[in-house]
Amino acid sequence: PAADSNLTNEVNTSTEVSELRASLKAAEEACEKQRRENELLVARLASVEAQRWTLLDQCREWRERCEQEQIYAKDLLLRSNATDEDGGAGHVQVKEHNQVSIESD
């Protein structure tokens, strides 16, 4: 009877050890999978962050260009109105971007 009890305990212990090893292996595999997914997410976040900065720079450049265009358009309108008030004897000539001259005929 004592030998049977020892044998049963050894089998139970061996089974528990096997189950624990299997659980440990499964946990290690799950941990490795999580680590790889985390690395992918970190890389993706870095990529998205770089894209965000690129878009912010583009928006800033477009805003600055629109502000310059607005100044140009206002200047053109003011010069055109000044020419009209002078009797319309001149014409507006666009020399370059942001440069306008009014010449009399």
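Which residue forms a salt bridge with Glu-32, the closest N and O atoms being 3.7 Å apart? That would be Arg-36, and the legends below start from this pair. Keep in mind throughout that the model is predicted.

**View 1. The whole chain, to get your bearings.** Running from the N terminus, the elements go α-β-β, so to speak one helix and two strands. Helix 1 spans residues 2–85. The chain has 105 residues, and just 5% of them count as buried. About 9,000 Å² of the chain is exposed, with carbon and sulfur atoms supplying 55% of that area. Look at contacts between residues at least 6 apart in sequence, and 22% of them join residues at least 24 apart.

**View 2. Glu-32 and Arg-35 in helix 1.** Here the salt bridge brings the closest N and O atoms to 2.3 Å. Why can these two meet along the helix? Glu-32 and Arg-35 are three residues apart in helix 1, so about one helical turn separates them. Neither end of the pair is buried: Glu-32 is partly exposed at 30% relative accessible area, and Arg-35 is partly exposed too, at 36%.

**View 3. Glu-32 again, this time with Arg-36.** The same Glu-32 also forms a salt bridge with Arg-36, and the closest N and O atoms are 3.7 Å apart. Because Glu-32 and Arg-36 are four residues apart in helix 1, the separation is again about one helical turn. Arg-36 has 42% relative accessibility, which puts it in the partly exposed class.

**View 4. Glu-64 and Arg-60, further along helix 1.** The side chains of Glu-64 and Arg-60 meet in a salt bridge, with 3.4 Å from N to O. The spacing is four residues within helix 1, so about one helical turn lies between them. Glu-64 is partly exposed at 37% relative accessibility, and Arg-60 is partly exposed with a relative accessible area of 33%. Back in the region of the earlier views, salt bridges with shared partners tie Glu-32, Arg-35, Arg-36 and Glu-39 into one network. The count of salt bridges for the structure comes to six.

**View 5. Arg-52 over the ring of Trp-53.** Zoom in on these neighbours in sequence and you find the charged end of Arg-52 sitting over the Trp-53 ring. The distance to the ring centre is 4.8 Å. As for ring-on-ring partners, a search of the whole structure turns up zero aromatic pairs.

**View 6. Two cysteines, Cys-59 and Cys-66.** How many disulfides does a search of the whole structure find? Zero. A disulfide is a covalent bond between the sulfur atoms of two cysteines. Cys-59 is partly exposed, with 41% relative accessible area, while Cys-66 counts as exposed at 52% relative accessibility. The cut-off for exposed is over 50%, which is why Cys-66 at 52% falls in that class and Cys-59 at 41% stays in the partly exposed one.

Key. Residues are numbered from 1 along each chain as its sequence is written. This is a predicted model: local features need pLDDT of at least 70, side-chain atom pairs count only at pLDDT 80 or more; totals for chains, interfaces and linings use all residues. Side-chain values use heavy atoms; hydrogens and water are left out. A disulfide is a pair of cysteine sulfur atoms within 2.5 Å. Buried means under 20% relative accessible area, exposed over 50%, partly exposed in between (1.4 Å probe, protein chains only). Contact means heavy atoms within 4.5 Å. Accessible areas come from the Shrake-Rupley method with a 1.4 Å probe; for residues, only the protein chains shown count as cover. A salt bridge is a side-chain nitrogen of Lys or Arg within 4 Å of a carboxyl oxygen of Asp or Glu. Rings of Phe, Tyr and Trp (its six-membered ring) pair if their centres lie within 6.5 Å; planes under 30 degrees apart count as stacked, over 60 as edge-to-face and the rest as tilted. A charge sits over a ring if NZ of Lys or CZ of Arg is within 6 Å of the ring centre and within 35 degrees of the ring normal.
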